[in-house]
Amino acid sequence: MTDYRLYIDGEFCEASDGGRFDSVNPANGQVWATAPAATEADVDRAVVAARRALTGGDWATMSATNRGRLLFELADRVAGRASHLGEIETRDTGKLAVETRGQSAYVADYYRYYAGLADKIQGDTLPIDKPDLHVFTIREPVGVVAAIVPWNAEMFLTATKVGPALAAGNTVVIKASEEAPAPLLEFAEVVHEVGFPPGVINLITGFGEPCGRALTSHPLVSRVAFTGGVETARRVVENTAQNFAHLSLELGGKSPILIFNDADLEGAVNGAVAGNFGASGQSCVAGSRVFVQAGIHDEFLERLIGRAEAIRIGDPLHEDTQMGPLATEAQRDRIEAVVAESRDQGATVHTGGKRPEGFDTGWYFEPTVLGCDSQSIRSTQVELFGPVMSVLTFESEEEAVAMANDSVFGLGAGVFTTDVGRAHRVAKAVHSGIVWVNTYRAISPVAPFGGFGQSGHGREAGIDTIYDYTRTKTVWINTSEDPMANPFVMR
Ligand code: NAD
């Protein structure tokens, strides 16, 4: 059993009232770690420390190049510890160790990308339309950043926020999910070793209430970077009405995968499998609405079912496991309920739809393929966050696009076709922040990531994100030898 501690102002500490909560291993339902439940007082201490580090001391006066150096150092240490960090994430979330180890190693590249950008943030000299004035802009850090992350990819979603925030000179308070507190508190050890000035990075764990609410509404917080579900996001929007913090929202999805008659069938099946059974479907970009053109529907379905039934379910720490459990019991129960409701509404369960045999402990669910006649069926509408896809059929490209766009979400979309013209047309027509053509679920520090509609706003990764962590100051300098003119005498 590991008892983690908060990391505030450069020190490891308990919650102010000594409160703790359990972290459960989803593969066996056993408590394996505990973490402090941060109180409002802890949040305040962390934000005040971040504010102090922002406004005075080593961080405030550090050159941008040296900030970049610290981020490079962080990247190297994360890469060096990737295997351990990945394993901790697997214990806490049930995600496959092969994926969490690989992702932790790749996370280092996000820090490197922003480390390199630290001393390339610059303002402009403006071609002002008035004489004797020199006008320029400065890009300043926006202030204390509150980063809220969900349980499903904590190391990664922390890097997409902390990387640009620190590169731009901000300080951060990061709140881990109560469902998986361990990865971030383990990451705190790495942060501590790098030697950031106290208060620059603070890592806390706790519940939405009071911890998340206190953090996102704190008067000294200027920027909130939130990743999580839509209902939580509504509360975060309300919270930021208190401090008017600049807010980015990375939310859920119900992403479509469009598969045309001319597609490479093997590639399309791989896309649907990766988009729905990777991470047991617990991915914001899960491609859980699969639209297949009528001419290949039956063959596609047959191959897909064969692949789904061959998936090796098991302990996520084992190298040969292909699908682990769901993260929480509540999540497994919810998915079961939605599948049952969809069946009652007319969905055909082609495969899966239940708990796998031989798994008496842990929150496992079979890879599930539902056949749906229309998008009035519940499984086609709600984000499930589980290994369940709804397969629908279409006749024309126009119909496929209309069906894909019939959603309140707009995060990812997949297009499988060998027709280059169609690839461009559909990529342009679908309502989503990311489109993958003949591939799915690829990510990179270089490529902006984010959604439309109820999938949120703002982008993570990519070069522009760095500006989202700055504020612009415009400086006007009178260069004439004369004093400022009398304002009541018009020139
Ligand atoms: P969640 O919304 O339940 O929790 C997210 C975080 O918000 C947690 O840290 C939680 O403690 C915190 N929180 C809860 N109440 C709060 C409040 N009142 N104020 C501030 N913070 C509060 O999400 P989850 O179940 O942990 O994660 C799954 C969701 O995250 C899915 O909807 C998924 O699509 C989404 N997600 C989106 C992306 C993306 O980049 N678009 C990536 C990963 C996950």
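This passage describes helix packing, buried residues and backbone geometry in a predicted model.

Helix α14 covers residues 420-429, and its buried residues are Arg422, Ala423 and Val426. Viewed down the axis of α14, these buried residues fall within an arc of 105°, so they line one face of the helix. Val420, His424 and Lys428 lie on the other side of α14 and are exposed. The buried residues of α14 pack against several elements. Three of these are strands β13 (256-259), β14 (289-293) and β19 (412-416). Strand β20 (434-437) and helix α13 (397-404) are also among the partners. At the start of α14, a side-chain oxygen of Asp419 comes to within 2.9 Å of the backbone nitrogen of Gly421.

Two helix pairs were examined for packing geometry. Such a pair is described by the angle between the axes and the distance between the axes. Helix α6 (residues 154-167) packs against helix α7 (residues 182-194) at an angle of about 60°. The axes of α6 and α7 are 9 Å apart. Angles from 65 to 115 degrees would count as roughly perpendicular and those under 35 as roughly parallel. The angle found here makes α6 oblique to α7. From α6, the contact involves Glu154, Met155 and Thr158. From α7, Pro183, Leu184 and Phe187 take part. By class, the contact of α6 with α7 has 4 nonpolar, 1 polar and 1 charged residues.

The second pair is α8 (208-216) and helix α9 (residues 230-243). Their axes come within 8 Å and cross at roughly 45°. Helices α8 and α9 are therefore oblique to each other. Gly212, Arg213 and Thr216 in α8 meet Val236, Asn239, Thr240 and Asn243 in α9. The contact of α8 with α9 has 1 nonpolar, 5 polar and 1 charged residues by class.

Helix α8 also holds Pro210. The peptide bond leading from Glu209 to Pro210 is cis, and its omega is near 10°. Beyond α8, the loop leading to β11 (221-227) contains Leu220. Leu220 has a relative accessible area of 30% and is partly exposed. Leu220 and Asp44 are 176 residues apart in sequence, yet their C-alpha atoms are 9.1 Å apart in space. With residues up to four places away in sequence set aside, Leu220 touches Val47, Val48, Arg51 and Val144.

Positive phi values occur in the loop between α10 (265-277) and β14, where Ala279 is placed. Ala279 is not a glycine, yet its phi is about 55°. At a relative accessible area of 9%, Ala279 is buried. Ser280 is placed in the loop between α10 and β14. Phi of Ser280 is near 55°, again positive in a residue other than glycine. Ser280 counts as buried, with 4% relative accessibility.

Two further serines were examined in their surroundings. Ser104 lies in helix α5 (residues 97-117). Its relative accessibility is 1%, so Ser104 counts as buried. Neighbours within four places in sequence aside, Ser104 is in contact with Val78, Ala82, Leu85, Gly86, Glu89 and Met155. Met155 also belongs to the α6 side of the contact with α7.

Ser23 lies in strand β4 (residues 20-25). Relative accessibility at Ser23 is 2%, and Ser23 counts as buried. The side chains of Ser23 and Asp92 are joined by a polar contact of 2.3 Å. Asp92 also appears in the list of residues that Ser23 touches, which leaves out residues up to four places away in sequence. That list further includes Gln30, Val31, Trp32, Ala33 and Thr34. Glu179 and Pro181 are touched by Ser23 as well.

Note on methods
Residues are numbered from 1 along each chain as its sequence is written. This is a predicted model: local features need pLDDT of at least 70, side-chain atom pairs count only at pLDDT 80 or more; totals for chains, interfaces and linings use all residues. Side-chain values use heavy atoms; hydrogens and water are left out. Buried means under 20% relative accessible area, exposed over 50%, partly exposed in between (1.4 Å probe, protein chains only). Helices (H or I, at least four residues) and strands (E, at least two) are DSSP runs, numbered from the N terminus. The arc is that of the directions from the helix axis to the C-beta atoms. Contact means heavy atoms within 4.5 Å. A polar contact is a pair of N or O atoms within 3.5 Å; within protein, one must be able to donate a hydrogen and the other to accept it, and residues adjacent in sequence count only if both atoms are side-chain atoms. Axes are lines fitted to C-alpha atoms, for helices over the stretch in contact, and angles run from 0 to 180 degrees between N-to-C directions. Angles under 35 degrees count as roughly parallel, over 145 as roughly antiparallel, 65 to 115 as roughly perpendicular and the rest as oblique. Ala, Val, Leu, Ile, Met, Phe, Trp, Tyr, Cys and Pro count as nonpolar, Asp, Glu, Lys and Arg as charged, and the others, Gly among them, as polar.
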